[in-house]
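These are my notebook entries on one structure. I set out to look up a pocket, the aromatic pairs and the charges placed over rings.

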Amino acid sequence: MTKERLYLFDTTLRDGAQTTGVDFSIEDKRRIGTLLDGLGLDYIEGGYPGANDTDTTFFASKPAFKRARFTAFGMVKRAGRSVSNDPGLQALLSSAADSICLVAKAWDYHVRVALGITNEENLASIADSIAAVVATGREAMLDCEHFFDGYKANPAYALAVARTALDAGARWVVLCDTNGGTLPHEVDRIVGEVTAQLPGDRLGIHTHDDTGNAVANTLAAVRQGVRQIQGTLNGLGERCGNANMTTLIPTLLLKSDFATRFETGVTPEALRTLTHASRVLDDLLNEAPRRQAPYVGEAAFATKAGIHASAILKEPDTYEHVPPEAVGNQRRLLVSKQAGRSNVMASLERLGLAADKDDPRIQTLLDEVKARESAGYAYEAAEASFELLARRHLFGVPLYFSVDSFRVMVERRHNALGELVTVSEATVKVFVNGETDPLWSAAEGNGPVNALDGALRKDLGRYQKHIDSIELVDYKVRILTGGTEAVTRVLVETMDHATGERWLTVGVSPNIIDASFEALLDSINYKLLKSGAAAA
């Protein structure tokens with residue numbers, strides 16, 4: 001039987017950016033976009049060009065996605081204005097987006113109170129705006145804001161909004177539960193009534209989790225005929241969040257009710273990277289992963305000793321609803337501590353490092369990873385640090401240089417203009433392998449870590465040519481324990497401007513400068529290794 005296609009639309013970078021405490025930088029958006037594209041999603045909504053500098057810059061050029069359509073979000077034109085005279089719509093039309101998703105009111109109450117226009121004027125704005133997008137040769141979509149509340153109040157008008165967009169050429173019309181208050185049985189009924197009048201293969205669903213039912217509401221809509229699913233990685237989003245793609249994707253692929261009927265752009269191979277992707281996002285946001293998260297949480301397949309653990313050892317199906325390896329997670333039998341080797345092997349395979357699972361060095365590597373993670377290290381995002389660690393155990397890594405000492409000073413003083421400024425300065429003493437004389441370097445920076453980074457990369461002798469094009473582009477700190485002796489984890493992202501490659505490294509120490517320096521050392525060693533630099 002031919003399966004029906006479901007299209008996955010991710011709005012982590014737009015709706016997810018409305019999460020309390022989340023503020024994506026340009027570098028964050030690029031990194032997360034690449035992560036989402038690698039999962040096999042069909043649409044990545046990058047933000048709202050014209051609304052803020054970050055999104056406008058992000059949409060100035062098209063990311064190098066391998067399969068996802070780069071999608072911009074914005075409002076339909078204002079009533080009483082022409083398309084050419086609406087700055088917001090023009091910012092969308094001039095962006096580098098492949099697709100444009102417009103939003104319009106589908107609840108007549110909002111049309112009257114929030115917009116202060118007539119129902120007919122709202123429909124005219126929708127028709128003109130969708131037509132303007134289609135005229136540029138790009139795919140047009142409409143998010144029907146407050147669709148379910150609007151349908152309950154005035155079903156004829158809510159349907160008119162959707163029909164107007166379809167008639168104007170929209171590829172997708174998305175039914176939005178904007179307030180997140182609609183329950184699964186209501187979604188089931190309303191979507192069933194809508195798909196009896198409008199084609200389901202041109203309808204999408206966008207739900208919020210204010211009642212804890214966003215995933216259930218989405219699945220109910222799919223069962224009633226919609227074929228585009230909107231959501232966010234890890235369920236990020238305004239208030240209580242959006243439908244969680246990290247839960248939806250494996251449900252669609254691994255649960256027979258959906259897997260036998262539908263297909264998506266996510267392959268089984270990509271699904272095995274889901275846990276990794278979820279934790280990378282958490283690391284980039286400086287958030288601790290939610291242990292009880294379905295499918296990807298550390299506790300999702302964890303069992304304490306007793307009859308459950310005994311049964312799992314005999315046959316995992318007894319207490320696991322899906323194989324943890326299918327989503328890149330692992331089984332954890334907490335008392336017996338039998339876990340981990342498969343995850344290390346999967347990470348080595350992802351990095352292209354061939355190794356025999358029975359090689360005793362794998363167990364040694366696993367033991368060190370566990371010891372380091374107990375000390376605060378996290379390698380889900382910092383793959384460059386993990387690769388160096390793995391190579392040291394399995395293949396060896398050349399010793400390019402050693403740092404004999406470093407010093408960092410931070411001084412607050414008045415400058416020549418009488419202004420109070422804080423100045424950071426760092427000096428580093430380095431021995432390059434094979435040379436007897438040390439190299440001394442000093443640099444100033446806008447902070448101690450920036451100064452230390454500048455000093456370390458200022459002069460590495462014969463290796464300097466390999467690192468001239470790299471730059472520290474992101475720096476995140478997380479305090480792991482409380483008190484005056486708190487342990488600090490630092491995550492550093494480095495970019496090679498010559499190749500466009502980016503990598504992340506990690507350092508852990510009670511001293512934030514030590515932790516930062518460790519991550520910086522890993523970053524430079526990784527670059528030298530990848531450049532094929534000779535050890536001596």
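Entry 1, terms. For the pocket I needed a definition: a pocket is an open set of grid points with protein on both sides within 12 Å along at least five of seven lines, and its lining residues have an atom within 4 Å of a point. I also note that the model is predicted.

Entry 2, the pocket. I looked up the second largest pocket and found a volume of about 1100 Å³. Its lining is made up of 33 residues, and those that lie nearest the centre are Arg-30, Arg-31, Thr-34, Leu-35 and Gly-38. I then asked which elements give two or more residues to this lining. They are the helices α1 (26-39), α12 (268-271), α13 (274-284) and α17 (383-394), together with the strand β18 (502-509). The most comes from α1, which gives seven residues. By residue class, I recorded 14 nonpolar, seven polar and 12 charged residues in the lining.

Entry 3, aromatic pairs. I searched the whole structure and obtained 16 aromatic pairs. I followed up two of them.

The pair of Phe-59 and Phe-70 is stacked, with 4.3 Å from centre to centre and 10° between the planes. Phe-59 belongs to the loop between α2 (53-58) and β4 (69-75), whereas Phe-70 is in strand β4, so the pair ties together parts that are 11 residues apart in sequence. Are these two rings buried or exposed? I read a relative accessible area of 1% for Phe-59 and 0% for Phe-70. Buried means under 20%, so Phe-59 counts as buried, and so does Phe-70.

The pair of Tyr-400 and Tyr-463 is edge-to-face, at 5.5 Å centre to centre and with 80° between the planes. This pair links distant parts of the chain, 63 residues apart: Tyr-400 is in the loop between α17 and β13 (401-414), and Tyr-463 in the loop between α18 (448-456) and α19 (464-467). Tyr-400 is buried at 1% relative accessible area, and Tyr-463 is buried at 2%.

Entry 4, a cluster. I returned to Phe-59 and Phe-70 and found that they form one aromatic cluster with Phe-58 and Phe-65.

Entry 5, charges over rings. I noted Arg-171 over the face of Trp-172, 3.9 Å from the ring centre. I also noted Arg-372, whose charged end sits over the ring of Tyr-377 at 4.8 Å from its centre.

Note on methods: Residues are numbered from 1 along each chain as its sequence is written. This is a predicted model: local features need pLDDT of at least 70, side-chain atom pairs count only at pLDDT 80 or more; totals for chains, interfaces and linings use all residues. Side-chain values use heavy atoms; hydrogens and water are left out. On a 1 Å grid over the protein atoms alone, a cavity is a set of points where a 1.4 Å probe fits but cannot get out, and a pocket is an open set with protein on both sides within 12 Å along at least five of seven lines; lining residues have an atom within 4 Å of a point. Grid points are joined across faces, edges and corners, and a volume is the space filled by probe spheres set on the points. Helices (H or I, at least four residues) and strands (E, at least two) are DSSP runs, numbered from the N terminus. Ala, Val, Leu, Ile, Met, Phe, Trp, Tyr, Cys and Pro count as nonpolar, Asp, Glu, Lys and Arg as charged, and the others, Gly among them, as polar. Rings of Phe, Tyr and Trp (its six-membered ring) pair if their centres lie within 6.5 Å; planes under 30 degrees apart count as stacked, over 60 as edge-to-face and the rest as tilted. Buried means under 20% relative accessible area, exposed over 50%, partly exposed in between (1.4 Å probe, protein chains only). A charge sits over a ring if NZ of Lys or CZ of Arg is within 6 Å of the ring centre and within 35 degrees of the ring normal.
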